[in-house]
4 protein chains.
Amino acid sequence: MIRAGIIGATGYAGSELVRLLLNHRDVRIVWYGSRSYIDKRFYEVYGNMFQIVEEICKDDDLNELAGQADVIFTATPQGFLAGILTEEILSRVKIVDLSADYRIKDVAVYEKWYGIEHKSPQFIEEAVYGLCEINRDRITDRTRLVANPGCYTTCSILTAYPMVKEGLIDENTLIIDAKSGTSGAGRGAKTANLFCEVNENIKAYGVACHRHTPEIEEQLGYAGNCQVTVSFTPHLVPMNRGILVTEYARLRRRADGTLPGWEEIKAVYDSYYGKEKFVRVLERGVCPETKWVEGSNYVDIGFTIDERTGRIIMMGALDNLVKGAAGQAVQNMNLLFGLPEDRGLEFVPCFP
Amino acid sequence: MIRAGIIGATGYAGSELVRLLLNHRDVRIVWYGSRSYIDKRFYEVYGNMFQIVEEICKDDDLNELAGQADVIFTATPQGFLAGILTEEILSRVKIVDLSADYRIKDVAVYEKWYGIEHKSPQFIEEAVYGLCEINRDRITDRTRLVANPGCYTTCSILTAYPMVKEGLIDENTLIIDAKSGTSGAGRGAKTANLFCEVNENIKAYGVACHRHTPEIEEQLGYAGNCQVTVSFTPHLVPMNRGILVTEYARLRRRADGTLPGWEEIKAVYDSYYGKEKFVRVLERGVCPETKWVEGSNYVDIGFTIDERTGRIIMMGALDNLVKGAAGQAVQNMNLLFGLPEDRGLEFVPCFP
Amino acid sequence: MIRAGIIGATGYAGSELVRLLLNHRDVRIVWYGSRSYIDKRFYEVYGNMFQIVEEICKDDDLNELAGQADVIFTATPQGFLAGILTEEILSRVKIVDLSADYRIKDVAVYEKWYGIEHKSPQFIEEAVYGLCEINRDRITDRTRLVANPGCYTTCSILTAYPMVKEGLIDENTLIIDAKSGTSGAGRGAKTANLFCEVNENIKAYGVACHRHTPEIEEQLGYAGNCQVTVSFTPHLVPMNRGILVTEYARLRRRADGTLPGWEEIKAVYDSYYGKEKFVRVLERGVCPETKWVEGSNYVDIGFTIDERTGRIIMMGALDNLVKGAAGQAVQNMNLLFGLPEDRGLEFVPCFP
Amino acid sequence: MIRAGIIGATGYAGSELVRLLLNHRDVRIVWYGSRSYIDKRFYEVYGNMFQIVEEICKDDDLNELAGQADVIFTATPQGFLAGILTEEILSRVKIVDLSADYRIKDVAVYEKWYGIEHKSPQFIEEAVYGLCEINRDRITDRTRLVANPGCYTTCSILTAYPMVKEGLIDENTLIIDAKSGTSGAGRGAKTANLFCEVNENIKAYGVACHRHTPEIEEQLGYAGNCQVTVSFTPHLVPMNRGILVTEYARLRRRADGTLPGWEEIKAVYDSYYGKEKFVRVLERGVCPETKWVEGSNYVDIGFTIDERTGRIIMMGALDNLVKGAAGQAVQNMNLLFGLPEDRGLEFVPCFP
């Protein structure tokens, strides 16, 4: 039985981790960390857990927790883990970090986009970027630190990855228009996230400056073995869960000047994802819908080739709290402990 | 392995049954019945099932299905099952009927409220009303026909049951104000259920004439061993899932003229539900919220005693597609086959 | 041109007042008071007002404002106005108070339900309860202080008023089950009002202790010339605007023991509201829907007589920010200044 | 007093026209045409109109109506008007057509994208494309036929127009990612538009084949005096009203290789829209939100320059039923009859 501790258990991603781990037969949660609700029962913060979780919220003492857990999930604000992580902690416990602290290899890029100093850059190189479908070989029982990817990032990368990797699109024309449910904004009490402000409304935000941008560019750069610079625009959608990305790029033409056909591109996607349980490449003419993956770890991907413009329009959908956060964290944990990758993640999407 | 067939698999209750049964380790679905989508792949009707269910929708041939299945779930319009059920079918297969055909013992009452003739009243007496927490002793491997309760009904009855049973309220003052998510209205393409008609709107409907009324009255009548006549008013709420009932009744006073206290009433509720996994009696001051039970088989119940008016206000919440339909149907199936009652129903509620 | 000042202009009720007064040909807003946003442009707080309102938010200095305005609207927290109101202010300017400070005549009742001391009880008697359809004769150019009714209250009272006034129902059986959109909770940044907490959810709150209860009881008591004690239960609904009340009461029977008929009751309602522009008594079989009054000052009322239980079920719907707050405040202002009562309130409800 | 007839009055755009025209002091509606609801009272179809509109729905007899009205609004399916329009009708009455029948000058393009034969191409040339801010000089008392622009189109064109017109962007890099509320899908009873299918969901549709594409391309082509080919992707958003477009294009660099600055671009936008009442160019750093224009005829436009990618991201928001349909139709009518362009359109946006 894997003993798991959660730091930041009372945020939306943290509480989703609780939901998923309670369903995982090989895991026992030993620590519900929540600085804001210390000594409160977890179910007083999340009423859905009444009579399911009796535990009390504890402080975020990573050192103490390291002695009681086999794995720690940190669903904490940027900079938190970097500020307290030590070699000693890492030598005693595995960490899956849901924050951005170890996602970006270039510390200068991190510090520029996040506007904070990185307090423990010495662990960045060791950290494995936990996009399981791409990096699973590097996530093993010897791995100590996993940087769990961002929600927008997971969706954006997986949707475009085969195209970039195979050089089928001009990577400098890549534009990612992303739409997210409101749980991605967290549970902090901000006016902008009140029901009446979000409901019956849609808006872009963080235009040309959202922090997930460099993460997307770095990972797609590895894929294409080139510099990738994207336009990334997130939007806030009046729904609880779900991310949809719509990605545009110019298709590279064949030697004869024609565009590749739908089946040809489909075959490429299938060569990457055909055996992936959690990535579903949709049939011709089907566009992904966030509701079709809700509550599950699936990513749905579809695409259309636009002969008129020479572009491919790629679309991807996932549940931002599952594959975009807690589900992928569990998937990473499974890899870290040599379990089947889908253990505890067998949820069929819930509709409607 | 129990072989299950579903008639009406492409309605919302039917597709929820699919979701739940896919998660049930002892069940294999052998028949996806849907007259509207014969020969279509189930996932073409419900995109969430892509790469999960490969089967094709079939006709609603109960006779043929009876030879292939151990249990049949009928999630069909009123009158359908009554119109085709035969002794031969019942002798070969167990049936859990999610329609109202066998819920009401008095056929005249059924025909009056539903406005249709009952075509097979000979099976009404045999049918067990499948409110598991109350009738579980009567749902055994010898039971052939279970009348699965309605969504409003389950919530309304369970919330008031201990009070009526113990004679703690004046049953003739019972008023049930119910609020339901829109999935309760089904997947039929009606203008009144369009997004733009339901969203940002709330209304009552079926005032003083909703069909779940006699079902509630009959069952509470058994509980109280008396005639119960209630005011029942359903409302349509702009959300997908969930039913909340707010019930009002005059508390019977103690011999000394005082009202019973909160703890006293709580103790009564606990005596009925304290050991029930799926019924959670909330702590003092906590009101049930539909989101806290979403996707799960739980019913949450809370209450307040109003000294000023001498009334108790009881509140109950459930997911209309789970405990209010498919979940309870699975719970009944578990009883029919001697399985643990919560098998396949271990879902932790999903929030947010 | 009436010069109007608003204290609390950046709350939802305050900003709705701005919207309505901008549409009022006889009014000029001279003061946008908002302690939280002093020196900010109003449109920076409410983007919908960009290029429409150029003014800057000012402090809530009632004394200074009294010299610049003909009427002051206070859309402020309970206790604010009572804490600063003076005879001098009242001698210089009319006040329409959207808070509860002067709604309740018995100061002890106010202090008990609101839990605060009333700092200027000397003005309570003078204040007119501004439910226009009922008290319009008392709101004249000599009136100095109007206590604008609460949102739940307006809807609850108008729906039951003719029945209570005519003694057609047993007023001690009156139960009011109310459902409100989330704007009624205000714009304060509270976790409970975040989009993800409210969306896809419904719950009761303030059960048997909501502050609008004594206000309803007092006013209905005047109507019936009797003591009225009601059960009042508010619910939070995932929509921005709208209140729906469903009210239950035992109908008094005729001398011959029969219940009055629908037409008879309709005639009573018509005798009260037939000439009221803003109260619409619906046709037989039609239930009010909040969407049908959205953005307008209408109240829609319908009812059903339940022969089985001997009860009448009355339903009322209004827009909590218009007839439930700012619209009624403008209606009161019109009365105060001798204008047609519907001036500036001609909005046709917006659907969908 | 202008006598106005509406064909298709019971669709969402038609009923919004009713709302707007009731508020227009110079107009009297003389004909509520609705083939689906002939002989029903309009308020039976739209409950919000109870006691406001007493008229009965009539057939869609354009000939008869032409003799009774000064202007006819056709809010009808594609092909309807083209199928019945005659010179005689046009000689007697002005027509504002909210369908696409006369928007596209090249009949072959129309027939290809709409898949139907155009039955009266002889009127295409005469029809003026009623995008008021751009074509107002051509909409006069001598104009007989106005082709009212589509909702996506109005938003897409106005947002990019100054950039294309001034040659500031490479028009072949223009990508339009559009998001629409569900009222844009109409009031037809389709499963895909049911509340439970749309709510908590977002998806793209009509990818690379939506019918508004050629309309956008044609009009922007006139602006830039060049061929424009765009990628246009609409998305369905769980809200009633509102369209948001996010547009991406490569900025042309200055002679010195640098990008133009924000103020420079803002000045360009202001030169086009600075005096336009209904187009609001937002301040730096402000992104448009659909809620800020709800119920009004405004279009809000904002933009960001992305130095990293050399692109401009332009954003536009409008209410699809007002500026995207009925509001613009009224604006066109005002031009046709020499009235102030904003007559009857003075609505302040409604928030929240």
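1. Let's start with the symmetry: a turn of 180 degrees and a shift of 0.0 Å along the axis lay chain B on chain A with an RMSD of 0.0 Å (least squares on the C-alpha atoms of residues with pLDDT of at least 70 in both). The two copies are therefore related as by a two-fold rotation axis. Within chain B, Glu200(B) has the C-alpha nearest the axis, 4.3 Å from it. Both copies use the same surface, as 100% of the contact residues of chain B recur in chain A; contact means heavy atoms within 4.5 Å.

2. A word on the basis: this is a predicted model, where local features need pLDDT of at least 70 and side-chain atom pairs count only at pLDDT 80 or more. Residues are numbered from 1 along each chain as its sequence is written, and chains are lettered from A in the order in which they are written.

3. Next, a helix pair in chain D. Helix α8 (residues 151–165) packs on helix α11 (residues 262–273) at about 110 degrees, with the axes 10 Å apart. α8(D) and α11(D) are therefore roughly perpendicular (angles of 65 to 115 degrees). Among the contacting residues are Leu158(D) and Tyr161(D) of α8(D), and Ile265(D) and Tyr269(D) of α11(D). By class, this contact has 10 nonpolar, one polar and one charged residues.

4. Finally, have a look at Asn148(A), in the loop between β6 (145–147) and α8 (151–165) of chain A. Asn148(A) counts as buried because its relative accessibility is 1% (buried means under 20%, with a 1.4 Å probe and protein chains only). The Asn148(A) side chain reaches the backbone nitrogen of Ala329(A) at 3.4 Å. Residues that Asn148(A) touches include Asp97(A), Arg103(A) and Asn332(A), leaving out those up to four places away in sequence.

Note on methods. Heavy atoms only, no water. Axes fitted to C-alpha atoms, helices over the stretch in contact; angles between N-to-C directions. Helix = DSSP H or I, 4+ residues; strand = E, 2+ residues; numbered from the N terminus. Parallel < 35°, antiparallel > 145°, perpendicular 65-115°, else oblique. Nonpolar A, V, L, I, M, F, W, Y, C, P; charged D, E, K, R; others polar. Buried < 20%, exposed > 50% of the residue type's maximum accessible area, 1.4 Å probe, protein only. Polar contact = N/O pair within 3.5 Å; in protein donor to acceptor, adjacent residues only side chain to side chain.
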